[in-house]
Structures are given as C-alpha cells and as structure tokens.
Amino acid sequence: MTTTAATPGVTVATWAGCAPRLLRVRSGVEDAAEYLAGEGYRPLPDSEEFLAEVERSGLLGRGGAAFPLAVKLRSVRDAALRGRDTVVLANGEEGEPASVKDRWLLRNRPHLVLDGLRLAAAAVAATHAYVYVSDPSAARSVENALSELAPEVLGRLLITVYTVDAGYVAGEETAAVRAINGGPAKPTDKPPRPYQRGIHRRPTLVSNVETLANLPYLLRHGAEAFRAHGTALSPGTFLATVSGGGRPPVLYELPHGITVSELLGVHGIPAEQVRGALMGGYFAGLLNRDALETTLDHESLRAHGSGLGCGAISVLTDDCPVAVAASVLAYFGRENAGQCGSCFNGTVAMAAVAEALRDGVATAEDVQRLQRWAGVLPGRGACGTLDGATNVAASLLTRFPELVASHLDGSCDACRGGAFRAERPYAVEEVTA
C-alpha cells in the first residue's frame, strides 16, 4: 500500500499489486500540462468502436446503483441517431456524508473527469455537458481546469459547471436534471428517466464522476486491461472511503474482490475489534461480523443482502449498532425531500422507534412496528431515500437481534456510557483544496 496526504484531513492509498488508475500518489492538483504529458485528452475515437469497448469492459456505475454504463450510453446514443439533441451530466454532487471520492477527483484530478466527460459526450453525440456539484472547492477546481484548456481540446463540446446546495437527495439523477432545468434539487417521479427526457427535455446521460473518470483508461488500454483487476461481474478498480473504528478516514483505490478483513487489516483495525459496518454509505444498511470474509464486489455483497453502493464503508468497533442505526435513521428523517408522504412519515417514524430503542424506552410492540415498516415501505418513494432507511432498519433487526433485545431490557453496556449520536454519522469532514 502506498499512501500520501491529499486534501487536509483525508489520506489516499493505493493497493499493493494494483497500479492506480484514478488516484495519484503525488499531492496537489494535477494541471493540464501534467495530464497531457500522461497521454490525456487523446484524439476522440470512433464512437461505435469505443462504445463496444465500454460494453466489453463491463464498467458499472460507481454512484451507487452499479448500472452498466454501456447501457446508458447506448440508450442516449440511439436517441441521437434518431435526430434528437442530447446532453451529458457528470454527477459530482456527493450527498453521501460518508463518501469523499467524487470531491477528491474533482479537486485533485479535474482533467481526468473532464476527459471522461468529453469521451462520454462524443459517444452520445452531445455538444453540451454539465459538471454538477455542491462543493465550492470542486467547482473552482473544474473551472480552473477548463480555463487551462485550448479550444481545440474540447472541440464543439460546451461544458458548464452547475453548483447547488448540498443535500442527501440533491445527487439523485432526476434531482440533478430538475435543478438544472430551474427547479429545486429534489427527485421527480419516474418515468420519464433522464435518458428519455432530461435537461431541457433532451435525452440526457447522467453519470457519476468516478464512472466517467474510468473512460480515459479504457481509451488508452482497452477492455482487457481494464478487466485485469476485479471479478468477472464487477471488473476493474473502485474508490472506497473507509471511516470509523477510531481511525482517520482513508480513500483507497481497490480491486473488486478483496475481502473486508483484508481491507480492514491494511486499514489498521484488528478483526476482533469489529462489531460491524455500514455499507455503501448509509444506503445498504448494516453488516455484522459474519461479513468479514465477504468480498468487496457487487455480486457477493448482494448475496449477503447488502451492497457496495458508492464504496463508502464505515467500521463499527466501540459504537453500538443500535445507536448507529438510530443516528442514520434520524439523518434520513431530516434529509428526505419532503415530497412523498410515505418517505416523509416513514423515515421519521422509523427514526423515532430506533431512538427510543437506543435510549431504552422502546417496547416490543415498537420493534414489531419497525419490522413491519421495514418490510412494506421499500419502493414507495420517488428516490432511494426511503429504501435506504428501510435497509438500515431491516439489517439492524435481522443482523443484531441480541443487541435489540438488550436494548429492550436496558442492558446494553456500550450505550450505558453514552450512546453514539451524530448529525451526519461517520461523515468525512468538509476539507478545503
């Protein structure tokens, strides 16, 4: 493992035997001259050939849903072939408090992101693209990078940086489209999805910053090299923000397929100290110690009823999972968009039960209600916020039943000394570039 100080408060680390594709071990912002010297901004490839290479690579979205990028590209490109104007949006609104990967890329390697955005735009015949962010330092970094580029580098592509207020739901794809169209940064009902009708009613490719940052590597090295690391169904490397466990947060570039215990060993947390983890930021819920030998890839985590999501992993050592779940559910209760009754009421109700359980005043009937809500509420919101909350509630009840029981009878040793309470649980603090 190689580490280096990045933006204050965050360290980046590469994995032994896996040359970094996205991170860089040198500190400071990569400027245009340095990026061009490393073979950046190559001539645009044939669109069909490049799209076929993306398909062969199996590149999955890194924003949370792990949707195949090639399918998104193909859908928007088909609209362009039917004569429709198309748009591309690089989504860097990192609303997940436990993640720092997109901010790091935008602040430290803006040209890598812009190069990937340029390649995606060419693949779908778009002439206008957006970089969508809420982090002022990221916005300044991208604006500075654009000012360094000669006009011929981007060709006919116009790139606009669009900044919104930060919020958990602001990075949802329909929220991003709605904001740029002049509305609030809140999700809308689907369909239509952005690839059907997005920015200015045009077919729009919305793709996460990290996802797009993989495209220059694919152009230079091809799909076979891309798949040299990772698993058959989760190829390539990914960025993982690891926090909690009494350790400073670290941003790793990892090959898919390593075990949780391998990562935590490198991170400096002994396996015997681990009580569990929050996976995928807050969205994928809690895992217990049984997951230590689970591999970090989409198929394995899905089989465990969890998910890799945005690659954020918050480790629980001294903190009680009941108290952690209460904090996360309270966060969802505050951060929901306030548009869907099932989500607005459901997140608040689940948070109230979890907080009562944490504080030793819940009843068995309260826990039964929480279990029922976790089973009937998924899928009822316009975005994934309600699903994330139900994932947290369900995973707490199924993976930590003994702890739930100890809270019902007031015998949790960890919480007697002061329960974990956080406005933004395991947040990676805002840092300045």
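**Rings, cores and a pocket in a predicted model**

Me: This is a predicted model, so how many aromatic pairs does the structure hold?
Reply: Let's begin with the rings. Across this predicted model, the count of aromatic pairs comes to eight.

Me: Take Tyr-35 and Tyr-41: is the pair stacked or edge-to-face?
Reply: A pair of aromatic rings is described by the distance of the centres and the angle of the planes. Here the centres of the Tyr-35 and Tyr-41 rings sit 5.1 Å apart. Their planes meet at 80°, and over 60 degrees is what it takes, so this pair is edge-to-face.

Me: Are Tyr-35 and Tyr-41 buried or exposed?
Reply: The cut-off for buried is under 20% relative accessible area. Tyr-35 comes in at 3%, and Tyr-41 has 9%. So Tyr-35 counts as buried, and Tyr-41 is likewise buried.

Me: And what about Tyr-168 and Phe-332, stacked or edge-to-face?
Reply: The ring centres of Tyr-168 and Phe-332 are 5.2 Å apart. With the planes at 85°, the pair is therefore edge-to-face.

Me: How many residues apart are Tyr-168 and Phe-332?
Reply: Tyr-168 is in the loop between β5 (158-163) and α8 (173-180), while Phe-332 belongs to helix α13 (residues 321-335). Tyr-168 is buried at 15% relative accessible area, and Phe-332 is buried at 0%. The pair links distant parts of the chain, 164 residues apart.

Me: Which residues form one aromatic cluster with Tyr-168 and Phe-332?
Reply: The pair is part of a cluster of four named residues: Tyr-168, Phe-332 and two tyrosines. Those two are Tyr-282 and Tyr-331.

Me: Which helix gives the most to the largest nonpolar core?
Reply: That core has 57 residues, and Leu-73, Val-88, Leu-105, Val-131, Ile-159 and Leu-215 touch the most other members. Eight of its residues come from one helix, the top contributor, and that is α5 (residues 110-123).

Me: What does Val-131 touch, leaving out residues up to four places away in sequence?
Reply: Val-131 is one of the core members touching the most others. Its contacts beyond four places in sequence include Ala-90, Leu-106 and Val-142. The rest of them are Leu-114, Leu-117, Ile-159, Thr-160, Val-161 and Tyr-162.

Me: How many residues are in the second, separate core?
Reply: Among its members are Leu-278, Leu-286, Val-322 and Phe-332. Phe-332 is the ring partner of Tyr-168. This second core has 48 residues.

Me: Why is helix α4 (residues 101-108) largely enclosed by the rest of the structure?
Reply: The buried residues of α4 are Lys-101, Asp-102, Arg-103, Trp-104, Leu-105, Leu-106, Arg-107 and Asn-108. The helix is enclosed because of its buried count, which is eight of the eight residues.

Me: Which helix gives the most to the lining of the second largest pocket?
Reply: This pocket has a volume of about 360 Å³ and is lined by 16 residues, with Pro-20, Leu-23, Arg-24, Glu-30 and Arg-109 nearest its centre. By class the lining has five nonpolar, two polar and nine charged residues. α1 (32-37) and α10 (215-226) each supply at least two lining residues; the most, three, come from α10.

Me: How far apart in space are Gly-276 and Leu-287, C-alpha to C-alpha?
Reply: Gly-276 is in strand β9 (residues 276-279), and it's buried at 3% relative accessible area. Leu-287 is among its contacts, as are Val-315 and Phe-400. Gly-276 and Leu-287 are 11 residues apart in sequence, and the C-alpha distance is 5.3 Å.

Note on methods. Residues are numbered from 1 along each chain as its sequence is written. This is a predicted model: local features need pLDDT of at least 70, side-chain atom pairs count only at pLDDT 80 or more; totals for chains, interfaces and linings use all residues. Side-chain values use heavy atoms; hydrogens and water are left out. A nonpolar core is a set of buried Ala, Val, Leu, Ile, Met, Phe, Trp, Tyr and Cys residues joined through side-chain atoms within 4.5 Å. Buried means under 20% relative accessible area, exposed over 50%, partly exposed in between (1.4 Å probe, protein chains only). Helices (H or I, at least four residues) and strands (E, at least two) are DSSP runs, numbered from the N terminus. Contact means heavy atoms within 4.5 Å. On a 1 Å grid over the protein atoms alone, a cavity is a set of points where a 1.4 Å probe fits but cannot get out, and a pocket is an open set with protein on both sides within 12 Å along at least five of seven lines; lining residues have an atom within 4 Å of a point. Grid points are joined across faces, edges and corners, and a volume is the space filled by probe spheres set on the points. Ala, Val, Leu, Ile, Met, Phe, Trp, Tyr, Cys and Pro count as nonpolar, Asp, Glu, Lys and Arg as charged, and the others, Gly among them, as polar. Rings of Phe, Tyr and Trp (its six-membered ring) pair if their centres lie within 6.5 Å; planes under 30 degrees apart count as stacked, over 60 as edge-to-face and the rest as tilted.
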